[in-house]
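Visitor: I would like a close look at a single part of this protein, taken slowly and residue by residue. Could you choose one helix and describe what packs against it?

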Amino acid sequence: MRRTDRQLEDASEHVNYELDMLAATISFLSKGSGETNQHTWNAYLESFVIHLRSVIDFLYPPTNHKQDDILAEDYVTNVAEWNNDRPAKTNLLRDAKTKADKQVAHLTYARVSADKDWNWEGISADLNKVVICFFDHLPDGRRTWFPVIASMGPAGPTGTPSPAVGRGHTGPAGPNRG
């Protein structure tokens, strides 16, 4: 379904929110827990995972996406060109989406024995490539709708001033978070 420019501009606010929250949670988690209690740490990690899931689905829509889902392809002029130029979904992003589904978004038995590590640095780097490609495929008039991307420059929205480095864990707190 083709969206009007007004609908797209209104929806871009929510895309910016997802990108901004993803960058903010990566920044927080990359600094380590410090004086943060386990519940606060888990809340930030779960926030990261939920925003990550939204951004991945925006950039790489699942085949069963809903008609009202906001998608990157809604914003580009040439969807075929976007799909051709968009970097392939990496194994890291594919695994991150699966982990997000199984470990946070749904209560599953896969949580029990799942790998709880999250590679923020790698996820951030992979997403930055796709987000920059998306921005490059926007018509000039639509680029202003994405200040979160534009303000980050070539590093992209998850290239926060404090680089997204390190690994995190989801699931019940263990004796060693890593």
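Guide: What follows is a walk around helix H2 and its partners, and then a look at the pockets. Please keep in mind that this is a predicted model, and that the values below are computed from it.

Helix H2 covers residues 38–59, and its partner H1 covers residues 5–30. A pair of packed helices is described by the angle between their axes and the distance between those axes. For H1 and H2 the angle is about 140°, with the axes 8 Å apart, which makes H1 oblique to H2. The crossing of H1 past H2 is left-handed. On the H1 side, the residues in contact are Val15, Tyr17, Glu18, Leu19, Met21, Leu22, Thr25, Ile26, Phe28 and Leu29, and on the H2 side they are Trp41, Tyr44, Leu45, Ser47, Phe48, His51, Leu52, Ser54, Val55 and Phe58. Sorted by class, the contact of H1 with H2 holds 15 nonpolar, 4 polar and 1 charged residues.

The next partner is helix H4, residues 91–105, which packs with H2 at an angle of about 130°, the axes lying 9 Å apart. That angle makes H2 oblique to H4, and H2 passes H4 in a left-handed crossing. Here H2 contributes Glu46, Val49, Ile50, Leu52, Arg53, Ile56 and Asp57, which meet Leu93, Ala96, Lys97, Ala100, Asp101, Val104 and Ala105 of H4. This contact of H2 with H4 has 9 nonpolar and 5 charged residues, with no polar ones.

A further partner is helix H6, residues 120–136, and in this case the angle with H2 is about 35° and the axes are 12 Å apart. H2 passes H6, too, in a left-handed crossing. From H2 the contact draws on Trp41, Leu45, Phe48, Leu52, Val55, Ile56, Phe58 and Leu59, while H6 supplies Trp120, Ile123, Leu127, Val130, Val131 and Phe134. The contact of H2 with H6 consists of 14 nonpolar residues, with no polar and no charged ones. Leu52 of H2 can be followed through each of these contacts, since it is listed as meeting H1, as meeting H4 and as meeting H6.

H2 also has a part in the largest pocket, which has a volume of about 290 Å³. Of the 15 residues that line the largest pocket, Glu18, Ser54, Val55, Phe58 and Ile70 lie nearest its centre. The elements giving two or more residues to this lining are H1 and H2, and H2 gives the most, with 6 residues. The lining of the largest pocket divides into 9 nonpolar, 2 polar and 4 charged residues. Glu18, Ser54, Val55 and Phe58, named here among the residues nearest the pocket centre, also appear in the contact between H1 and H2.

To set beside this, the second largest pocket encloses about 210 Å³ of space. It is lined by 13 residues, of which Met1, Arg2, Leu71, Glu73 and Asp74 lie nearest its centre. By class, the lining of the second largest pocket has 4 nonpolar, 2 polar and 7 charged residues.

Notes:
Residues numbered from 1 in each chain as written. Predicted model: local features only at pLDDT ≥ 70, side-chain atom pairs only at ≥ 80, totals over all residues. Heavy atoms only, no water. Axes fitted to C-alpha atoms, helices over the stretch in contact; angles between N-to-C directions. Helix = DSSP H or I, 4+ residues; strand = E, 2+ residues; numbered from the N terminus. Parallel < 35°, antiparallel > 145°, perpendicular 65-115°, else oblique. Left-handed = near helix turned anticlockwise from the far one by under 90°. Contact = heavy atoms within 4.5 Å. Nonpolar A, V, L, I, M, F, W, Y, C, P; charged D, E, K, R; others polar. 1 Å grid on protein atoms, 1.4 Å probe; cavity = no way out; pocket = protein on both sides within 12 Å on 5 of 7 lines; lining within 4 Å. Points joined across faces, edges and corners; volume = space filled by probe spheres on them.
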